[in-house]
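Work through these exercises with the structure open beside you. Try each task before you read its solution.

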Amino acid sequence: MLPRLATAFSLFSLLTICALGPAPRSVAAAEPACTPSPRPLTAPAALVLSGGGAKGAYEAGVAAALIEGGLAIRLVAGSSAGALNAAMIADGRIERLEALWRGLTRDRVYTLRTRVLFAGLLPGWLTLLALDRAGSLFDPQPLRELIDASIDFERVRASPIRLVIITTDLARREARLFDNRSVTREALMAAAAVPGAFPSVEVDGALLVDGGLTGRAPVLEALRAGQGIERAVVVMSYAPDERGSPPTTMRRALEEAFETGMIHQIRRDVELARLKFPAVELHLLTPSEPLWLRPLDFDPAAISGALERGRADGRACLSGWATR
């Protein structure tokens, strides 16, 4: 029985693309994180969030610093965990966003489905078959309860900040967008539903999953939707000098392939946005040092460190911009 359980949990580790990182380091003062700008803080801005599971704590810290520093955010867009952050920013209570992240634990986001646990009791290839038939590794109920407890959709609908949430329709192989009026709990669940980890979510008859498959940092979608935007800040939770782990195991190879593809997609979309929207001042804000936090590592100390690093980098970003 023990070897079978080990097989199931090895597959669990392989498919969820998660590995615990080292403990977070102390937060030092950050160097200026954005390109200097003569435009005032009152210039209409879009904030674009790329998510990344627990790494979304960094985005929350950045958003808090930018808002408290007076940046005129008129539009917020996000995918994956960035979609949940974006909805809470549109809700208008930034203090609740930080409090949510500081109180977040793994059990409040996901738990293993019962049938996944029982798959470890089956012989050989039946383990793989049972995992396939399970549909997903995680039970979505904790995430559903988290969204219900955190977001007031009436406040989002009445918000002066325009919201853009991106999901993916795998059957149609295209993106599906939601705004202040159309966003729902199910849309946010779909935006964070990494295929295989969480089940797809039915919205208006379509099965939707993580928007990161079609737009990890939906800057192009945000600028198409946001008329009058003069500045866009795209937040990516990977430091420029951050290196991956050697792909010496299958799990490591899948992890690094996933994250490498995500990083390059974000950078490519930012450069494409610069070409398509030359009048918009674009900034790619990344951590001033590695976060040492994996997407499914909801360790309170690591999350607190990511929040503080985000705040420091957000303040450093503002320091190079005109104040009026």
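Five exercises with worked solutions follow.

This is a predicted model: local features need pLDDT of at least 70, side-chain atom pairs count only at pLDDT 80 or more, and totals for chains, interfaces and linings use all residues. Residues are numbered from 1 along each chain as its sequence is written, and side-chain values use heavy atoms, with hydrogens and water left out.

**Exercise 1. The overview**

Task: Find how many helices and strands the protein has, and what percentage of its residues count as buried.

Solution.
- Step 1: Count the elements. There are 13 helices and 12 strands. These are DSSP runs numbered from the N terminus: helices are H or I with at least four residues, strands are E with at least two.
- Step 2: Check burial. Of the 324 residues, 54% count as buried. Buried means under 20% relative accessible area, exposed over 50%, and partly exposed in between (1.4 Å probe, protein chains only).

**Exercise 2. The disulfide**

Task: Which cysteines form the disulfide, and what parts does the pair tie together?

Solution.
- Step 1: Look for cysteine sulfur atoms within 2.5 Å, the cut-off for a disulfide. The structure holds 1.
- Step 2: Name the pair. Cys34 and Cys317 have sulfur atoms 2.0 Å apart.
- Step 3: Place both residues. Cys34 lies in the loop between α1 (2–16) and β1 (37–40) and Cys317 in helix α13 (residues 300–319), so the pair ties together parts 283 residues apart in sequence.
- Step 4: Read the handedness. The S-S torsion of Cys34 and Cys317 is about -100°, so this disulfide is left-handed.
- Step 5: Check their surroundings. Both Cys34 and Cys317 are buried.

**Exercise 3. Helix α13 and its salt bridges**

Task: Which residues of helix α4 form salt bridges with Arg311 and Glu308 of helix α13?

Solution.
- Step 1: Describe α13. Its 20 residues reach 29 Å from first C-alpha to last, close to the 28 Å expected at 1.5 Å a residue. The expected span is 1.5 Å times one less than the number of residues. In α13, 14 of the 20 residues are buried.
- Step 2: Apply the salt-bridge rule: a side-chain nitrogen of Lys or Arg within 4 Å of a carboxyl oxygen of Asp or Glu.
- Step 3: Take Arg311. Its partner is Glu98, with the closest N and O atoms 2.8 Å apart. Glu98 is buried at 10% relative accessibility. Arg311 is buried too, at 13%.
- Step 4: Take Glu308. It meets Arg102 at 2.5 Å, N to O. Arg102 in α4 and Glu308 in α13 are 206 residues apart. Arg102 is partly exposed at 39%, and Glu308 is partly exposed at 29%.

**Exercise 4. Helix α3**

Task: How many residues of helix α3 are buried, and which residue forms a salt bridge with Asp91?

Solution.
- Step 1: Count. In α3 (residues 81–91), 11 of the 11 residues are buried, so this helix is largely enclosed by the rest of the structure.
- Step 2: Find the partner. Arg155 bridges to Asp91, the closest N and O atoms being 3.1 Å apart. Arg155 lies in helix α8 (residues 153–158), 64 residues from Asp91.
- Step 3: Compare burial. Asp91 is buried at 5% relative accessibility, whereas Arg155 is partly exposed at 35%.

**Exercise 5. The hairpin**

Task: Do strands β6 and β7 run parallel or antiparallel?

Solution.
- Step 1: Pairing needs at least two DSSP bridges between strands. Here 5 bridges join β6 (residues 162–169) to β7 (residues 174–178), and the strands run antiparallel.
- Step 2: Thr167 stands opposite Arg176 in β7.
- Step 3: Inspect the turn. The hairpin has 4 residues between the strands, and Arg173 takes a positive phi near 60°.
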